[in-house]
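Welcome, and please open your viewer with a cartoon view and a residue selection box ready. We will go stop by stop, selecting a few things at a time.

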Amino acid sequence: MKNISITITDAIAEIKLCRPHRMNAVTVDLLKELRESIDAVNLKDQINVIILSGEGKAFCAGVDLRELEKNGTDVSSGGVGDLLDEHANGVIKTLEGSPKAVISKINGYCFTGGLEIALAADLIYVAKDAKLGDTHAVLGFRPSWGLSQRLPRRVSLMRAKELSFTAQAITGEQAKEYGLALEVFPNEKLDEEVLSIAKRISHNSPNSIKAYKDLYKAYQNNGLKSGLEYESTTSYEIPEVKKRVLDFLKRLR
C-alpha cells in the first residue's frame with residue numbers, strides 16, 4: 001500500500017495514514033487502502049486493539065482539495081462528491097463496526113474530514129500541541145460523513161455549533177476540556193501513553209470487548225428502558241471466559 005502502513009505488536013495493530021507531504025489529506029486511494037487495512041485487521045483474532053494515527057505533523061488535514069480540483073468534482077452543493085462520500089462513509093462504518101477497541105491518536109493537525117474519521121473511534125487521545133477543527137464553513141462545504149451527528153454527542157450541541165460556525169482550531173487541552181478527547185499528553189509522550197493504554201486493553205477478553213461495543217451502541221441508539229432490556233436479553237459467545245476464570249483462581253491460591 002502507498003498511503004497506509006500497518007504495524008502489529010502483540011495484540012495491537014497501528015494503522016497509519018502515510019501522506020505526510022500532504023498532511024495525510026484524504027484521497028479516494030487513501031480511503032480504499034484504509035478500509036482494506038481495517039477489514040484485514042478485523043479478521044485477525046489475535047488483534048484486540050486498533051490504533052489509528054498519522055505520519056508526520058498531522059493526523060489528517062481533511063480532503064485533498066487538489067484532487068477535487070484535478071477530478072473536476074462539482075462542489076456547488078457543498079459536498080465533496082459521491083465517490084469520496086461513498087468511500088469515507090465506508091471507512092467510518094467499518095471503524096465503528098469493528099469488534100476491536102479503536103483508538104484515534106491525534107499527534108498534530110486534525111481537520112474537517114480527518115476529524116470526521118477520528119470521531120469514529122471508541123477512544124480519542126491527543127497531543128498537547130495538536131490542532132483540531134471543523135473547517136467546512138471556511139470554504140463553503142458542509143459535512144457529509146457524519147460529523148453533524150457525532151460531534152454534538154461528544155461536546156454538546158451548542159459547543160459543536162460554535163466549533164462549526166467559527167471553524168476555529170482548538171488545542172489538545174481544549175479538546176479534552178470540551179469532551180472531544182479523553183486525555184491530552186505531552187507531544188513526546190503521546191506514543192508511549194497511548195501504547196500503554198492499548199496494552200492494558202489488549203490483555204482483556206476480545207469477545208468481552210466486542211460485547212461491550214455492542215452494548216454501548218445500544219446505549220447510543222436507545223433510551224434507558226430499552227437499553228436495559230437489550231443488555232439483559234442479549235447473549236454473546238465468549239468462549240475464553242472459562243480459561244480466564246481458572247487462571248485467575250490459580251493466581252489466588
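In which loop is Asp-10 found? Select residues 4–17 to see: Asp-10 lies in the loop between strand E1 (4–9) and strand E2 (12–17). Keep in mind throughout that this is a predicted model. Now check the backbone torsions of Asp-10: phi is positive, about 55°, although this residue is not a glycine. Switch on a surface, and Asp-10 turns out to be exposed, with a relative accessible area of 67%.

Next, let the selection grow from those two strands to the sheet. Six strands make up an open sheet, and its order is E1-E2-E3-E5-E7-E10, with mixed pairing. At the edges sit E1 and strand E10 (183–185), each of which pairs on one side only. From one strand to the next, the twist averages 20°.

Stay with the sheet and pick out E2 together with strand E3 (residues 49–54). These two run in the parallel sense and pair over six bridges. For one particular contact, select Lys-16 and look across to E3, where its bridge partner is Ser-53. As background, strands of a sheet pair through backbone hydrogen bonds, either parallel or antiparallel.

Now move to a helix: select residues 82–96, which is H3. How far apart are the end C-alpha atoms of H3? They are 21 Å apart, and this agrees with the 21 Å that its 15 residues should span at 1.5 Å a residue. Then colour the buried residues of H3: Leu-84, Asp-85, His-87, Ala-88, Gly-90, Val-91, Ile-92, Thr-94 and Leu-95. While you look along the helix, recall that an α-helix has 3.6 residues a turn, so residues three or four places apart point the same way.

Our next stop is Ala-167. Find this residue in the loop between helix H7 (157–166) and strand E9 (170–171). Like Asp-10 earlier, Ala-167 is not a glycine and yet has a positive phi, here about 60°. Is Ala-167 buried or exposed? Ala-167 counts as buried, because its relative accessible area is 14%, under the 20% cut-off.

For the last stop, show the surface and select Val-241, Val-245, Leu-246, Phe-248, Leu-249 and Leu-252. Together they form a nonpolar surface patch with about 540 Å² of accessible area. Click on Leu-249, which belongs to helix H12 (residues 241–252). At 37% relative accessibility, Leu-249 is classed as partly exposed.

How values were computed:
Residues are numbered from 1 along each chain as its sequence is written. This is a predicted model: local features need pLDDT of at least 70, side-chain atom pairs count only at pLDDT 80 or more; totals for chains, interfaces and linings use all residues. Side-chain values use heavy atoms; hydrogens and water are left out. Helices (H or I, at least four residues) and strands (E, at least two) are DSSP runs, numbered from the N terminus. Buried means under 20% relative accessible area, exposed over 50%, partly exposed in between (1.4 Å probe, protein chains only). The expected span of a helix is 1.5 Å times one less than its number of residues. Patches are made of residues with over 30% relative accessible area and no salt bridge: like charges are joined within 9 Å, nonpolar side chains (Val, Leu, Ile, Met, Phe, Trp, Tyr) within 5 Å. Accessible areas come from the Shrake-Rupley method with a 1.4 Å probe; for residues, only the protein chains shown count as cover. A salt bridge is a side-chain nitrogen of Lys or Arg within 4 Å of a carboxyl oxygen of Asp or Glu. Two strands pair if DSSP finds at least two bridges between them. Axes are lines fitted to C-alpha atoms, for helices over the stretch in contact, and angles run from 0 to 180 degrees between N-to-C directions.
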